[in-house]
Number of protein chains: 2
Amino acid sequence: MGSVALDDIDAPAGRVQGVLGGAACYFSVAASYFGAVRAVAVVGSDFPREHLEFLSSRGIDTAGIYRAEGDTFRWGGRYHASLNDRDTLFTELGVFEGFDPVLPDAYRNSEFVFLANIHPSLQLRVLEQARAPRFTAMDTMDFWIERTRDELEETLARVDGLVINDQEARQLTAEQNLVRAAAVIRDLGPRIVIIKRGEHGALLFDEAGVFAAPAFPLLEVQDPTGAGDSFAGGFMGALAREGRLDSENLRRAVIYGSVMASFCVERFSLGRFRALSGAEIEGRLAQFRSLTRF
Amino acid sequence: MGSVALDDIDAPAGRVQGVLGGAACYFSVAASYFGAVRAVAVVGSDFPREHLEFLSSRGIDTAGIYRAEGDTFRWGGRYHASLNDRDTLFTELGVFEGFDPVLPDAYRNSEFVFLANIHPSLQLRVLEQARAPRFTAMDTMDFWIERTRDELEETLARVDGLVINDQEARQLTAEQNLVRAAAVIRDLGPRIVIIKRGEHGALLFDEAGVFAAPAFPLLEVQDPTGAGDSFAGGFMGALAREGRLDSENLRRAVIYGSVMASFCVERFSLGRFRALSGAEIEGRLAQFRSLTRF
């Protein structure tokens, strides 16, 4: 569950306008390489049908992508030369503003549930509609950490995993040190904390300790948009495919998340996923092994 | 070869004044856990004898640490809350300004030579005094990249390895992308490029490809000063101890470098090294394995 958006992206490698974006898209497409995905989102009456067809072509169930009267969520961002920083140029929520996510009946038996960044009370509502999930995880952002602290803590207490970036982890816990920050978050509820660090990779904290996954050193990065959501999609997809929730499998799922994020940023929007094979995914997993082996 | 300094450090964890520092100290002490080290540096007439005794107690040959009339190099820095940024409060070069490094005769057969950050022409002079080194590496900084470009390229063409941080790599090559930056540097001469990324670890580039080493996720960091030099000391020390220069051994040496950097930052100045055992080093190496295993 998350946003579907039309993005304007301005990056050193070029500019694109009105391209497919949003956390739910990046997540679902990345996860679709690992098994069946059911998306929950809302789009406006202006949303191109071809985008829904693309999602369906990836085997994603779009029964939960509701079409509402009004405009699709639009976001515009400009990346700096380093690609580590970006400015938001505009955010036009459109139909996303009144989004009240409802799981289609056929979704309620889903075993793996991911709640992308949205108001924590809406995340909780979705969670409560899932009958007996085996593993639930969520993302959040500075806006909710600042303004809806109580609701956020209520939702955090109910999920198995939190996947956020380093700045958000520090903001949420008032701890500069990420090891301490992760410990504070685990005390709030999630058994598993994943801290995303962009081009520096990700850290997984669970009861077995810490796991450090590098980001893949790429020769070319066109567009970092959606990398974190693609990471989450690869992570949840790999976890669901394997089925086991032990530390070994969590670690491998984090690497699959890193693999999907590394493909995501190679092209604007979801461009790279339109021509990505399972063999390429397994190939890059092998490259991750070679990258970290000593 | 490098600086010996007396540092004033202001960090969130506290403040210290006139403590032992300088690249040559951090490097030599870190390397001393792996074998014999010969230091080349200069100190002033004010330099406390106990510091030299500490270096000697670590088995470091201090015959090349010359005492000159005047003041020891002094540096003062203040770290920000994140510990990733610091302001230099003052730099008083003292006797370091006129330093003309000469290898004692007994040093000239050294097989592993590390040239810490100093004017590239002086680095070259030291290199030329080594009779038949098997592996040479150097560090540098923004100041030399900006002002002594020709001399820097001349020295770079003569060393086997360059160990620098990510900002310097970008500045040296005018490439934002670190994979491209490393390729440009390798074209300038060094077969091996190590890019240090502070709390995000280090990347090793050699003919076998890329190796990503994480930094150790520490619960407490008191003072990041000297982490890069301790990394270089652990790296060169481990490399010299093993003797082989193949990719396997380079990777393990990078992890030993990361181990020594992780100990370095746990205490102010060289405090952690005053009570560090070889068993602790091997223990943390095992923790690095567990940190990266999948």
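**A sheet in chain B and how the two copies meet**

Hi everyone, let's start with a strand pair: strand E1 of chain B, residues 5-11, runs antiparallel to E2(B), with 6 bridges between them. Strands here are DSSP runs of E with at least two residues, helices are runs of H or I with at least four, both numbered from the N terminus, and two strands pair if DSSP finds at least two bridges between them. One of those bridges links B:Ala5 to B:Gly21 in E2(B).

A quick note on the source: this is a predicted model, where local features need pLDDT of at least 70, side-chain atom pairs count only at pLDDT 80 or more, and totals for chains, interfaces and linings use all residues. Residues are numbered from 1 along each chain as its sequence is written, while chains are lettered from A and ligands numbered from 1 in the order in which they are written.

Back to chain B: its open sheet has 4 strands, ordered E2-E1-E5-E6, with mixed pairing. E2 (14-21) and E6 (86-92) of chain B are the edge strands with a single partner each, so one side of each has no neighbour in the sheet.

Now, the two copies. Chain B superposes on chain A by a rotation of 180° with 0.0 Å of shift along the axis, RMSD 0.0 Å; the fit is least squares on C-alpha atoms of residues with pLDDT of at least 70 in both copies. The copies are thus related as by a two-fold rotation axis. In chain B, B:His200 has the C-alpha nearest that axis, at 3.0 Å.

And where do they touch? In chain B, 25 residues are in contact with 25 residues of chain A, contact meaning C-beta atoms, placed from the backbone, within 7 Å. E12(B) contributes the most to that side of chain B, 4 residues. Thanks, all!

Definitions and conventions: Two residues are in contact if their C-beta atoms, placed from the backbone, lie within 7 Å.
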